[in-house]
Structure formats: C-alpha cells, structure tokens
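Here is a short walk through one protein chain. Keep the sequence and the 3D view side by side as you read.

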Amino acid sequence: FKYLINVDISKHFIIFTALHYNIYAMAENDNGKSERIVTKMFENDAFSRWLGISILEVLPGKVSLSLIVRKEFTNGFGVAHGGITYSLADSALAFSANGLGRHALSIETSVSHTRPVMEGDILTAHVEELVNSRKLGIYHINIYNQRSELVALFKGTVFKKDAEWDV
C-alpha cells in the first residue's frame, strides 16, 4: 500500500510516497511500456533509491523526478554538492531515454549550476527531448527548487543500442 503526501510548490505539484516512489502519469499510446521500463530500472537503481528520488511522471521520452536535499548531501560550504543536481538529472536522462523502449547509454553530459541548493530544498527535474533519432537522443533537463527557481541546467546525449527492453 502507498501513503501519499501532496506538496504544492508553486508551478510544480509533487506527489511523494512512503517508499519515495509514485508514477502518476503515463502515455495512453504506449500501453504502459515506458512505465514498466522505468519501474524495472528504478527497482535496480540502488543509487537513485539511496538519493530518495521520487518518480513524478513517466511518458515516452520524458520523466519528472524529485528529491529532498538531505544534510549528508551538503559540502563544506553548507550547500548541496554539485553532484546531487547532476545525479538527479542523470537519472532523469536515463529513465527518459530508456523509456522509449531501447537500451540507451549516455555518451556526453554537462551541467551548469545557476543557484545554490540548500539542505531541505525540494528539487524537481523536468526533461525536454530535443532529438530522437535511430541511434542518438539529446535531452535538456532543468532542475528547479520548491520556489520554482532554476538551480541547474543539464544537457545529455545518449547512444541507443539495438537491444530492446523486455518488460
């Protein structure tokens, strides 16, 4: 069973579960395949689960993820380590690209941090698919805090293998 906690944060509506896992949207035209792929990936992704990532939305080629910044995510300056926003965006990239049905691996990524992220901040990753060709996918992922302030910009390129997800 799931316990839902709804948190309204400006432009973003977040649904958390006791297990840090909830998929509340999926495309009608993929018969739930994207959701099954992302679920399988998430269940095997110990790092994303350790971070406390919540899955907010799953659509083919697009996911929304969230996490709450914990004290152990901060560095010596008292702000979140840059790897936290990078990791959230990297997971969003992986779930988005693989959710299309074929195994996809990142081949290039970059992140620009635009604002400090503090303990207790609620971060939300939103994915925009820019290119979806037979072998490559290019994505922009924007990371926002609970005040709808852009805190990081991420760009990722994936290589799509011929292997399809068996779900």
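In what order do the elements of the chain run from the N terminus on? The order is β-β-α-α-β-β-α-β-β-β-β. That comes to three helices and eight strands. Bear in mind that this is a predicted model.

Two figures describe the chain as a whole. It has 167 residues, and buried residues make up 46% of them. The other figure concerns contacts with a separation of 6 or more: residues 24 or more positions apart account for 62% of these.

Start with helix H1, which spans residues 33-43. Several of its residues are buried: Ser 34, Ile 37, Val 38, Thr 39, Met 41 and Phe 42. What do the buried residues of H1 pack against? Their partners are two helices and two strands, namely helix H2 (46-51), helix H3, strand S3 (54-59) and strand S4 (62-68).

Now turn to S3 and S4. These strands pair in the antiparallel sense, over five bridges. One bridge sets Glu 57 against Ser 64 in S4. The two strands form a hairpin with two residues between them. In that hairpin, Gly 61 takes a positive phi near 80°.

Look next at Ser 54, which is found in S3. Is Ser 54 buried or exposed? Its relative accessible area is 1%, so Ser 54 is buried. Find Leu 65 as well. Ser 54 and Leu 65 are eleven residues apart in sequence, while their C-alpha atoms are 5.6 Å apart in space.

S4 itself is mostly covered, with five of its seven residues buried. S4 also pairs with strand S6 (residues 122-132). The two run antiparallel and are joined by five bridges. Ser 64 appears here again: its bridge partner in S6 is His 126. Ser 64 is thus a bridge partner of Glu 57 and of His 126.

Move on to strand S8, residues 150-164. Which strand pairs with S8 over ten bridges? That strand is S5, and the sense is antiparallel. Along this pairing, His 113 stands opposite Ala 152 in S8. Strand S7 (residues 136-144) pairs with S8 too, over nine bridges and again in the antiparallel sense. Here Asn 142 stands opposite Leu 153 in S8.

S7 and S8 form a hairpin with five residues between the strands. Ser 148 is found in the loop there. Its phi is near 60°, a positive value in a residue other than glycine. Does Ser 148 count as buried or exposed? Buried means under 20% relative accessible area. Ser 148 has 18% relative accessibility, so it counts as buried.

Thr 109 is the next stop, in strand S5. Why is Thr 109 called partly exposed? Partly exposed covers the range between the 20% limit for buried and the 50% limit for exposed. Thr 109 has a relative accessible area of 26%, so it is partly exposed.

What does Thr 109 touch, leaving aside its neighbours within four places in sequence? It is in contact with Tyr 86, Asp 90, Leu 93, Phe 154, Lys 155 and Gly 156. With Tyr 86 there is also a polar contact, side chain to side chain, at 2.5 Å. Compare the position of Ile 138. Thr 109 and Ile 138 are 29 residues apart in sequence and 9.7 Å apart in space, C-alpha to C-alpha.

Finish at the largest pocket. Its volume is about 170 Å³. Its lining holds 13 residues. Ala 94, Asn 98, Ala 104, Leu 105 and Ser 106 lie nearest the centre of the pocket. Which elements give two or more residues to the lining? They are helix H3 (82-98), strand S5 (102-113) and strand S8 (150-164). H3 gives the most, with five residues. By type, the lining residues divide into eight nonpolar, three polar and two charged.

Definitions and conventions: Residues numbered from 1 in each chain as written. Predicted model: local features only at pLDDT ≥ 70, side-chain atom pairs only at ≥ 80, totals over all residues. Heavy atoms only, no water. 1 Å grid on protein atoms, 1.4 Å probe; cavity = no way out; pocket = protein on both sides within 12 Å on 5 of 7 lines; lining within 4 Å. Points joined across faces, edges and corners; volume = space filled by probe spheres on them. Helix = DSSP H or I, 4+ residues; strand = E, 2+ residues; numbered from the N terminus. Nonpolar A, V, L, I, M, F, W, Y, C, P; charged D, E, K, R; others polar. Buried < 20%, exposed > 50% of the residue type's maximum accessible area, 1.4 Å probe, protein only. Contact = heavy atoms within 4.5 Å. Pairing = 2+ DSSP bridges. Polar contact = N/O pair within 3.5 Å; in protein donor to acceptor, adjacent residues only side chain to side chain.
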